[in-house]
Amino acid sequence: MRTLMRYLRLYGHFFTAQLKVMMEYRLDFLVGVFSVVLIQFTSVFFVKVVFDQIQSLNGWSFYEVLFIYGIASTGRSIHHIFFDNLWTIGWQYIRNGEFDRFLIRPVNPLFHVIANRVQQDGFGQLAIGLILLLTAISHLSIVWTVGKVLLLIVMILSSGAVFVAVNLFFATLSFWMVDSLPIVVGVFQVAEFARYPLTIFSKEIRGLLTWVIPYGFTAFYPASAFIEHSGYQSVALLTPVVAVVSCWIAYWFWGKGLRAYTSTGS
């Protein structure tokens, strides 16, 4: 517990310092936030165009799909704001030997990599995610109780944890490849499939997004916990378990990569 509190205090110092830097360049901060909001809004706009031509997407209404989008966006914002530095492990730290400095400091190297950056664009992701969620909820006949609100919060946090775990797992390949960014980007694009009902895809794709690269637990399954006709409410309740297991596997793989790290030499 003492170690946990120490790291929370440390992260607070890192986070405060990063926010101060952002506020020094407020226009850059606002442009970054606005650009993400615009990109996400464009995606939703095209979904609306599709639903203007059809009644439902394999039984899912526009606002139910919007609900999936909202959970995906808010979950991804957790990764985007707090863990975005994982993308840069290979080209920013390992390739040029900068990672060595994390190894000689009295803190966990992974913690230091994560705390070294706060991504302001993620606040735009969070904003659009909350807007989508509130808009969808206002049009869905879900009876909200305190329990369901808490469940929604747990699902969003679990969604973010799965995003982080998958990114960390593939970013760790940089310890052997020097820079695994192309693989990380390619895998991350797969998450776009999970913004739609998985029932529209083949059994193979559903299996991939459920048990291999579990992006299904970042959006579709968490949303299914609240949609009665989804048919996946029991699977949806596994979301927190999948998040914990995914994080454990990713951290275990990170440990193996860390032990294999040999620096870049001189």
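How many helices and how many strands are there in the chain? There are 14 helices and zero strands. Helices (H or I, at least four residues) and strands (E, at least two) are DSSP runs, numbered from the N terminus.

This is a predicted model, where local features need pLDDT of at least 70, side-chain atom pairs count only at pLDDT 80 or more, and totals for chains, interfaces and linings use all residues. Residues are numbered from 1 along each chain as its sequence is written, and side-chain values use heavy atoms, with hydrogens and water left out.

**Stop 1: the whole chain**

Show the full chain as a cartoon. Along the sequence the pattern reads α-α-α-α-α-α-α-α-α-α-α-α-α-α. Turn the C-alpha trace along its principal axes: the spans are about 65 × 40 × 35 Å. The radius of gyration is 19 Å, which agrees with the value near 18 Å for a compact globule of 266 residues. That radius is taken over C-alpha atoms, and the globule rule is 2.2 Å times the number of residues to the power 0.38.

Now switch on the surface. The chain exposes about 13,600 Å², and carbon and sulfur atoms supply 68% of it. These areas come from the Shrake-Rupley method with a 1.4 Å probe; for residues, only the protein chains shown count as cover. Of the 266 residues, 47% count as buried. Buried means under 20% relative accessible area, exposed over 50%, and partly exposed in between (1.4 Å probe, protein chains only).

Colour by charge. There are 17 positive and 12 negative side chains, and the centres of the two sets lie 10 Å apart. Lys and Arg count as positive, Asp and Glu as negative; His and the chain ends are not counted. Each charge is placed at NZ of Lys, CZ of Arg, CG of Asp or CD of Glu.

Next, contacts, meaning heavy atoms within 4.5 Å. Among contacts with a separation of 6 or more, 76% join residues 24 or more positions apart.

**Stop 2: helix H3**

Select residues 62–82, which form H3. Is H3 largely enclosed or open? It is largely enclosed by the rest of the structure, because 19 of its 21 residues are buried. Its end C-alpha atoms are 30 Å apart, which agrees with the 30 Å expected at 1.5 Å a residue. The expected span is 1.5 Å times one less than the number of residues.

Pick Ser73 in this helix. Ser73 is buried, with a relative accessible area of 0%. Leaving out residues up to four places away in sequence, Ser73 touches Gln40, Gln125, Ile128, Gly129, Leu132 and Arg195.

**Stop 3: the loop before H3**

Step back to the loop between H2 (26–51) and H3, where Asn58 lies. Asn58 is not a glycine, yet it has a positive phi of about 50 degrees.

Leu57 is in this loop between H2 and H3 too. It counts as partly exposed, at 21% relative accessibility. Which residues does Leu57 touch, not counting those up to four places away in sequence? They are Phe51, Tyr196, Pro197 and Ile200. Draw a C-alpha distance from Leu57 to Pro197: it reads 8.0 Å, across 140 residues of chain.

**Stop 4: Val178 and Ile94**

Go to Val178, in the loop between H9 (174–177) and H10 (181–189). Val178 has a positive phi of about 75 degrees, although it is not a glycine. It is partly exposed, with a relative accessible area of 37%.

Then select Ile94, in helix H4 (residues 89–94). Ile94 is buried, at 4% relative accessible area. From Ile94 to Val178 is 84 residues in sequence, but 6.2 Å in space, C-alpha to C-alpha.
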